[in-house]
Structures are given as C-alpha cells and as structure tokens.
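Dear colleague,

Please find below the structure that I am handing over to you. My notes on what was found in it follow directly after.

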Amino acid sequence: MPKHVPTELNLHQHSRVLEITFDDGTKFELPCEYLRVFSPSAEVMGHGPGQEVLQLGKEDVNIAQITPVGNYAVVLHFDDEHNTGIYSWEYLYSLGINYEQNWQSYLNRLEAAGHKHKATN
C-alpha cells in the first residue's frame, strides 16, 4: 500500500493547476506545465539515468482528462496529446514536496539549452 494517498484531487482547468490533498493533510497546487515536463513517461524520462528529454514550449499545456490506475496512480491526459505517464501517489507526493527545487532545475536546464521560459521573458 502506498505511503501517501490522496484524499482529494481537483483540476482547475482555468488556472491550469492540479490541487492534491493527501491523507497526512499535505496539500499541493501543481501547475499542469510542471506535471507535463516532469512526466514519468519514457518519452520524458528516457530509459535510464541521463536520458531525460528536455520539454520545450509547455507553458500553456492543460490536463484534459484524469484516468485512475487501480488504487495507486492516475494517468494525466494532456491537451498536447501526451498521456503515457503513470503518476503514482508517491511520485505526485514527491513532485509536490520537491516542487521548488525541481522547477528551478527545469528553468536552469532550459537556459543552459538556450531557451527562455515564457514567464521569465
């Protein structure tokens, strides 16, 4: 059984934020773009360490649908047709806890690759 289980999952499509409350009372508001660029899919993560694929131009991505996977995860169907990542409860919790560090790392990787995030232009 997962260590952290959500008690609420609310998608705010207008603001493009997925709000998740876990059974320990922890609550995260995760932007759709963040969830998309940190998708646990092979397309994004690659097939091993160091094979991650930098995601570009995802500032306006939204979640079109959420599909449960058993009692341990969801598949997020993004409006850019990406839907191959299975987001376990533990992975979503980890994304929430590590949001600031992950997001800064992503912005740094964008800059190193010669790209600017729309919000930082």
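Leaving aside residues up to four places away in sequence, Glu33 touches Lys58, Glu59, Val61, Trp103, Tyr106 and His117. Please bear in mind while reading that this is a predicted model.

**Two residues of helix H1**

Glu33 lies in helix H1, which spans residues 32-37. Is Glu33 buried or exposed? Its relative accessibility is 8%, and because buried means under 20%, Glu33 counts as buried. Glu33 and Asn62 also show how the fold brings separate positions together: they are 29 residues apart in sequence, while their C-alpha atoms are 7.2 Å apart in space.

Arg36 belongs to helix H1 as well. With a relative accessibility of 3%, Arg36 is likewise classed as buried. Which residues does Arg36 touch, not counting residues up to four places away in sequence? They are Glu43, Val44, Gln55, Lys58, Val61, Phe78, Asp80, His82 and Tyr87. Lys58 and Val61 appear in the contact lists of both Glu33 and Arg36.

**Aromatic pairs**

The count of aromatic pairs comes to ten. One of them joins Phe22 and Tyr93: the ring centres are 4.9 Å apart and the planes stand at 85°, so this pair is edge-to-face. The pair links distant parts of the chain, since Phe22 is in strand E2 (residues 17-22) and Tyr93 is in helix H3 (residues 89-97), 71 residues apart. Both rings belong to buried residues: Phe22 has a relative accessibility of 1%, and Tyr93 has one of 11%.

Another pair is formed by Tyr34 and Phe38, whose ring centres are 5.1 Å apart; their planes are at 55°, so the pair is tilted. Tyr34 is buried at 0% relative accessibility, and Phe38 is buried at 10%. Ring pairs also join Tyr34 and Phe38 with Tyr99, Trp103 and Tyr106 in a cluster. Trp103 and Tyr106, from this cluster, are among the residues that Glu33 touches.

**A hairpin of two strands**

Strand E4 (residues 63-69) and strand E5 (residues 73-78) pair in the antiparallel sense, over six bridges. Within this pairing, Pro68 stands opposite Val74 of E5. How many residues lie between the two strands of the hairpin? There are three, and Gly70 in the turn has a positive phi of about 55°.

Yours sincerely

Notes. Residues are numbered from 1 along each chain as its sequence is written. This is a predicted model: local features need pLDDT of at least 70, side-chain atom pairs count only at pLDDT 80 or more; totals for chains, interfaces and linings use all residues. Side-chain values use heavy atoms; hydrogens and water are left out. Two strands pair if DSSP finds at least two bridges between them. Helices (H or I, at least four residues) and strands (E, at least two) are DSSP runs, numbered from the N terminus. Buried means under 20% relative accessible area, exposed over 50%, partly exposed in between (1.4 Å probe, protein chains only). Contact means heavy atoms within 4.5 Å. Rings of Phe, Tyr and Trp (its six-membered ring) pair if their centres lie within 6.5 Å; planes under 30 degrees apart count as stacked, over 60 as edge-to-face and the rest as tilted.
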